[in-house]
Amino acid sequence: MPIDAVAGLDREHLRQLLAETIDADVTDVQDDTDFVQALGVDSLMALEVVVVLERTYGIKFAETEMREVRTLDSAHEVVRRKLMERS
């Protein structure tokens, strides 16, 4: 994926995508809101988040990276890093 795709990683689109996936109001998905502790995301729903991110952005998460995705900030960082690895 070209580097301009990384630059085009839209935080607000990611916020909306995550909110839809975890069935939360978009206003509840703040930059540092912990999905598990604050929004009650269980392990099955966390896996669904990873699957949606992989499909949407054409990336693949390692098992250790899956555990990193607990906030919008961490999801954005992991996706950005994975997109840069592909460029």
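**Close-up views of a six-helix chain**

**View 1. A salt bridge joins lysine 82 and glutamate 65****.** In this predicted model, the side chains of lysine 82 and glutamate 65 meet in a salt bridge, with 3.2 Å from N to O. Distant parts of the chain are linked by this pair, since lysine 82 belongs to helix H6 and glutamate 65 to helix H5, 17 residues apart. Both lysine 82 and glutamate 65 are buried. Salt bridges that share partners also join Arg11, Glu12, Arg15, Asp31 and Asp73 into one network. The general idea behind such pairs is that side chains of opposite charge can pair when their charged atoms come close.

**View 2. The whole chain sets the scene for the details.** The protein chain has 87 residues, of which 38% count as buried. Its secondary structure comes to 6 helices and 0 strands, and the elements run α-α-α-α-α-α from the N terminus on. Among contacts in the chain with a separation of 6 or more, 58% are between residues 24 or more positions apart. The count of salt bridges comes to 12, and several of them appear in the views that follow.

**View 3. Aspartate 34 and arginine 70 are paired by a salt bridge****.** The two side chains meet at 3.0 Å, taken from N to O. Aspartate 34 lies in the loop between H2 and H3, while arginine 70 lies in the loop between helix H5 (63–66) and H6, so the pair ties together parts that are 36 residues apart in sequence. Are the two partners buried or exposed? Aspartate 34 counts as buried because its relative accessible area is 17%, which is under the 20% limit, whereas arginine 70, at 31%, counts as partly exposed.

**View 4. Aspartate 34 also reaches toward the backbone of glutamine 37****.** From its place in the loop between H2 and H3, the side chain of aspartate 34 comes to 2.9 Å from the backbone nitrogen of glutamine 37. If neighbours within four places in sequence are left aside, aspartate 34 is in contact with Leu39, Arg70 and Thr71.

**View 5. Helices H2 and H6 cross one another****.** The axes of H2 and H6 come within 10 Å and cross at roughly 115 degrees, and the crossing of H2 past H6 is right-handed. Which residues meet here? Arg11, Leu14, Arg15 and Leu18 come from H2, and Leu72, Asp73, Ala75 and His76 come from H6. Sorted by class, this contact has 4 nonpolar, 1 polar and 3 charged residues.

**View 6. Helix H2 has buried residues along its length and a side-chain contact at its start****.** The buried residues of H2 are Leu14, Arg15, Leu17, Leu18, Ala19 and Thr21, and these pack against H3, helix H4 (43–57) and H6. A general rule helps in reading such a list: an α-helix has 3.6 residues a turn, so residues three or four places apart point the same way. At the start of H2, a side-chain oxygen of aspartate 10 reaches to within 2.8 Å of the backbone nitrogen of glutamate 12.

**View 7. Aspartate 23 has a positive phi****.** Aspartate 23 follows H2 and is found in the loop between helix H2 (11–21) and helix H3 (35–39). What is the phi of aspartate 23? Its value is near 55 degrees, which is positive in a residue other than glycine. This can be set beside the general rule that most residues other than glycine have a negative phi. Aspartate 23 is exposed, because its relative accessible area is 70% and the limit for that class is over 50%.

**View 8. Arginine 80 in helix H6 contacts glutamate 77****.** Arginine 80 has its place in helix H6 (residues 72–86), and its side chain makes a polar contact with the side chain of glutamate 77 at 2.8 Å. The C-alpha atoms of arginine 80 and leucine 9 are separated by 7.2 Å, although these residues are 71 residues apart along the chain. At 27% relative accessibility, arginine 80 counts as partly exposed.

**View 9. Glutamate 54 and lysine 60 form a salt bridge****.** Their side chains meet at 3.9 Å from N to O. How do the two partners count, as buried or exposed? Glutamate 54 counts as buried at 14% relative accessibility, whereas lysine 60 is exposed, with a relative accessible area of 60%.

Methods: Residues numbered from 1 in each chain as written. Predicted model: local features only at pLDDT ≥ 70, side-chain atom pairs only at ≥ 80, totals over all residues. Heavy atoms only, no water. Helix = DSSP H or I, 4+ residues; strand = E, 2+ residues; numbered from the N terminus. Buried < 20%, exposed > 50% of the residue type's maximum accessible area, 1.4 Å probe, protein only. Polar contact = N/O pair within 3.5 Å; in protein donor to acceptor, adjacent residues only side chain to side chain. Salt bridge = Lys/Arg side-chain N within 4 Å of Asp/Glu carboxyl O. Axes fitted to C-alpha atoms, helices over the stretch in contact; angles between N-to-C directions. Left-handed = near helix turned anticlockwise from the far one by under 90°. Contact = heavy atoms within 4.5 Å. Nonpolar A, V, L, I, M, F, W, Y, C, P; charged D, E, K, R; others polar.
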